[in-house]
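Here's a walk through the aromatic contacts and the enclosed spaces of this model. Have the structure open and follow along.

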Amino acid sequence: MENNFENPENQSVNEHNSESQMEQAAEHTMEQTNPMANEAATDGLNFKTRLDLAPLQQSVNQVKAEIAKVIVGQSKMIDQLLVAILSNGHVLLEGVPGVAKTITAKLLSRTLSLDFSRIQFTPDLMPSDIIGTSVFDLAKTTFEFKKGPIFSNFVLIDEINRAPAKTQAALFEVMEERQITADGTTYSLDLPFLVIATQNPIEQEGTYRLPEAQLDRFLFKIDIGYPNLQEEIAILQKENELQNNDKLAAIVKVIEKSNILHFQSLVKQILIEPHLVEYIAKIVLNTRENPFLYLGASPRASIAILNAAKGFAALKNRDFVTPEDIKEAAIPVLQHRVVVAPEREMEGVTSTVIIKQIIDSVEIPR
């Protein structure tokens, strides 16, 4: 008669081996069903992105390094300017005189291999001074269109609110459609095309308030404040070191035109989930229903937040949008597109405060 009983020690070893085999099988199954989890475990949560954003990150860091040779602080403004370029949008810089609005725009243009034009807006400036005019050619006995300074890749408009409404209106078509129509002929602009305009919010005499239709064509309105004490000291030290040297002389070009177009194409491919698209729509809809606002934001504002949020995501080396990207884009996109109700404006309530309240009131999707 055979003995069917095993040694207790052998039985314990067999049970242990059986449990180990089951654990290994379970781990193997998890690796097959969830390869991303395995990759995260081995690579320290460094997931591979769908898009290769490494060249973009390198270029952005180089631009920041070049601008930092002259500008102290203002990192938020510089980030927003870079996002505007990546999102193919225009920027309105607003601040008191002497806070480096114009010099920052000029520095940024020097880091890009783009054609640059500067237009100083004055009360006597005419639309033809911007877009160009037809001149009669005596040799050919025909009119020839002479292109104005707006035919460039990077256009700096200094003190945009110094020119009258008819001159400001000359920018409507070119800023929205990237083309100019003159004497019945349409001229397409060379891409990329970026307008950075500056204005001083303090002075009222000799200025012309930008109409809502003009403001709506700017992707961002960036408010520039005063530097803090440490930044002020650093500004003085840097100015003392530069002495009479040209501030722009040391700035080198770091991004080619073709690369900018490529980066803009990459940003358009940034992933955004449907529930985040709905989140943007709810924020914009809330501006139209808010009793503190006389005028809410249009669908163009929704599209602007969408594009800007993708730009912020790319700036942070992500190929997908998060709610934080949307919240970061909402204020500079919306603050110049909404109009505060007169009674609230008399109480000192600003559009920025109302937009912050709206963002806080809309539930963040999970």
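In this predicted model, F154 is buried, because its relative accessible area is 0%, under the 20% cut-off. Its ring partner is F116, and the two make a tilted pair, 5.7 Å centre to centre with 45° between the planes. F116 counts as partly exposed because its relative accessible area of 34% falls between the 20% and 50% limits. So what does this pair connect? It links distant parts of the chain, with F116 in strand β2 and F154 in strand β5, 38 residues apart.

Next up is F220 with F312, another tilted pair, at 6.2 Å centre to centre and 35° between the planes. This one also bridges distant parts of the chain: F220 belongs to strand β9 and F312 to helix α13, 92 residues apart. F220 has 0% relative accessibility, so it counts as buried. F312 comes in at 2%, so it counts as buried too.

The structure has six aromatic pairs in total. Besides the two described above, there's a cluster in which ring pairs link F145, F151 and Y187.

Rings also take part in contacts with charged side chains. The charged end of R217 sits over the ring of F172, 4.8 Å from the ring centre. For R318, the ring underneath its charged end is that of F320, with the centre 5.5 Å away.

Now for the empty space inside. How many cavities of 30 Å³ or more does the structure hold? There are two, and here's how they look by volume and lining class.

| Cavity | Volume | Lining by class |
|---|---|---|
| Largest | about 100 Å³ | 10 nonpolar, one polar, no charged residues |
| Second largest | about 60 Å³ | eight nonpolar, three polar, no charged residues |

Which element gives the most to the lining of the largest cavity? That's α3, with four residues. The elements that each give two or more residues there are α3 (54-67), α4 (75-86) and α11 (257-268). If you want to find the spot in your viewer, the lining includes L56, S59, V60, V63 and F263.

For the second largest cavity, α4 and α11 each supply at least two lining residues. Among the residues around this cavity are A84, N88, G89, P192, F193 and Q264. I85, L112 and I260 are worth picking out: they line the largest cavity, and they also line the second largest cavity.

Technical notes: Residues are numbered from 1 along each chain as its sequence is written. This is a predicted model: local features need pLDDT of at least 70, side-chain atom pairs count only at pLDDT 80 or more; totals for chains, interfaces and linings use all residues. Side-chain values use heavy atoms; hydrogens and water are left out. Rings of Phe, Tyr and Trp (its six-membered ring) pair if their centres lie within 6.5 Å; planes under 30 degrees apart count as stacked, over 60 as edge-to-face and the rest as tilted. Buried means under 20% relative accessible area, exposed over 50%, partly exposed in between (1.4 Å probe, protein chains only). A charge sits over a ring if NZ of Lys or CZ of Arg is within 6 Å of the ring centre and within 35 degrees of the ring normal. On a 1 Å grid over the protein atoms alone, a cavity is a set of points where a 1.4 Å probe fits but cannot get out, and a pocket is an open set with protein on both sides within 12 Å along at least five of seven lines; lining residues have an atom within 4 Å of a point. Grid points are joined across faces, edges and corners, and a volume is the space filled by probe spheres set on the points. Ala, Val, Leu, Ile, Met, Phe, Trp, Tyr, Cys and Pro count as nonpolar, Asp, Glu, Lys and Arg as charged, and the others, Gly among them, as polar.
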